[in-house]
Amino acid sequence: MTEHTGRVVCDITVTVDGYSAGLNQTEERPFGDDGGDGTGGALHAWMFKTPDENRAEIEQIVAAKAFIMGRNMFGPVRGEWDRQWNGWWGDDPPFHAPVFVLTHHPRDPQPMAGGTTFHFVTDGIEAALAQARAAAGDGDVAIGGGAATINQYLAAGLIDELRVHIAPLTFGAGTRLFDGVPPLKLEQVRSRAASLATHVTYRVVS
């Protein structure tokens with residue numbers, strides 16, 4: 001059996017009440033009812049309005065050697081792939097590594113500029129993780145989101161380190177971190193307060 005030296009890590013930005021997106025998500029409003037235009041601008045302001053203040057956390061997010069995300073994070077297309085959709089990030093996504101997208105509908109790999117290739121996995125979260133680990137080698141695998149995907153990996157006990165970026169606002173309803181996840185024991189590794197977020201890193205003990 002192959003011993004993996006890389007970790008399975010996860011970054012997610014949530015509101016103070018734990019939501020990573022609001023209700024009523026659409027293609028035009030991918031974050032739904034987020035108190036703004038639906039693009040998650042206030043939620044992720046720490047990344048885009050104050051990037052210098054949060055450089056270490058931003059660099060950490062894309063430092064993994066392979067990524068996993070749910071289909072909802074990849075894009076709004078549902079069911080069969082009836083139109084070409086290559087993600088929200090343009091021709092050169094920020095990952096620059098293999099990305100494994102969970103889906104029920106097969107699709108050929110999609111190479112992008114900058115070293116990103118989207119692979120579409122139809123046989124579940126453990127299969128996606130096995131493929132991502134093989135691609136990452138000794139590097140980390142990052143579970144990119146959204147919250148529903150992260151919750152599946154947490155419930156299965158497959159995440160080693162959880163990095164939560166807490167934005168100072170509330171949504172009241174929506175897609176929530178830890179929904180459906182059995183009780184966890186977490187060890188706080190570090191925390192740092194910035195002007196638009198508090199960054200907290202946990203090791204998942206059990």
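Which residues of H5 are buried? Keep that question for the stop at this helix; the tour begins with the whole chain.

**The whole chain**

Show everything as a cartoon. This is a predicted model. The protein has five helices and 11 strands. Its radius of gyration is 16 Å, close to the 17 Å given by the globule rule for 206 residues, so the protein is as compact as a globular protein of that length. Along the principal axes, the C-alpha atoms fill a box of roughly 40 × 40 × 35 Å. Switch to a surface: about 10,200 Å² is exposed, and carbon and sulfur atoms supply 52% of it. Of the 206 residues, 44% are buried. Among contacts with a separation of 6 or more, 62% are between residues 24 or more positions apart.

**The sheet**

Go back to the cartoon and colour the strands. Nine of them form an open sheet with mixed pairing, in the order S5-S6-S4-S3-S7-S1-S8-S11-S10. Strand S5 (110-111) and strand S10 (186-193) are at the edges; each has a single partner strand, so one side of each is left without a neighbour in the sheet.

Select residues 66-70 and 98-102. These are strands S3 and S4, which run parallel and are joined by four bridges. Label Gly70: its bridge partner in S4 is Leu102.

**Two helices on the sheet**

Now select residues 125-136, helix H4. This helix packs on the sheet and touches strand S1 (8-15), S3, S4, strand S6 (117-121) and strand S7 (141-145). The direction of H4 makes about 175° with that of S4.

Next select residues 147-155, helix H5. This helix also packs on the sheet, touching S1, S3, S4, S7 and strand S11 (198-204). The direction of H5 makes about 135° with that of S7. Here the opening question can be settled: the buried residues of H5 are Ala147, Thr149, Ile150, Asn151, Tyr153 and Leu154. After the helix comes Gly157, with a positive phi near 70°.

Step back to the loop between S7 and H5, where Gly146 is found. The peptide bond joining Gly145 and Gly146 is cis, with omega about -5°. Most peptide bonds are trans.

**The cores**

Show side chains as sticks. In soluble globular proteins, nonpolar side chains tend to be buried together. The largest nonpolar core here has 28 residues, of which Ile68, Ile143, Ile150, Tyr153 and Ile159 touch the most other members. At least two residues of this core come from each of S1, S3, S4, H4, S7, H5 and strand S8 (161-167). H4 gives the most, six residues.

Centre the view on Ile68. Leaving aside neighbours within four places in sequence, Ile68 is in contact with Phe100, Leu102, Ala128, Leu129, Ala132, Val141, Ala142, Ile143, Gly144, Gly145 and Tyr153. Then look for a second, separate core of 16 residues, which includes Ala64, Val77, Val99 and Phe118.

**Strand S8 and its partners**

Select residues 161-167, strand S8. S8 is mostly covered, with six of its seven residues buried. Seven bridges join S8 to S1, and the two run parallel. Val9 stands opposite Glu161 of S8. S8 and S11 run antiparallel and are joined by six bridges. Label Val164 and its bridge partner in S11, Val200.

**Ser20**

Move to strand S2 (residues 19-21), which contains Ser20. Is Ser20 buried or exposed? Its relative accessible area is 9%, under the 20% cut-off, so Ser20 counts as buried. Beyond its neighbours within four places in sequence, Ser20 is in contact with Ile12, Thr13, Val14, Phe31, Leu43, Ala147, Phe171 and Thr175.

**Two residues with positive phi**

Most residues other than glycine have a negative phi. The last two stops depart from this. Select His96, in the loop between helix H3 (71-74) and S4. His96 has a positive phi of about 55° although it is not a glycine. At 46% relative accessibility, this histidine counts as partly exposed.

Finish at Phe178, in the loop between strand S9 (175-176) and S10. Phi of Phe178 is also positive, near 80°. Phe178 is partly exposed, with a relative accessible area of 33%.

Notes: Residues numbered from 1 in each chain as written. Heavy atoms only, no water. Pairing = 2+ DSSP bridges. Contact = heavy atoms within 4.5 Å. Axes fitted to C-alpha atoms, helices over the stretch in contact; angles between N-to-C directions. Buried < 20%, exposed > 50% of the residue type's maximum accessible area, 1.4 Å probe, protein only. Core = buried A, V, L, I, M, F, W, Y, C linked by side-chain atoms within 4.5 Å. Rg over C-alpha atoms; globule rule 2.2 N^0.38 Å. Areas by Shrake-Rupley, 256 points an atom, 1.4 Å probe, with all protein chains shown as cover.
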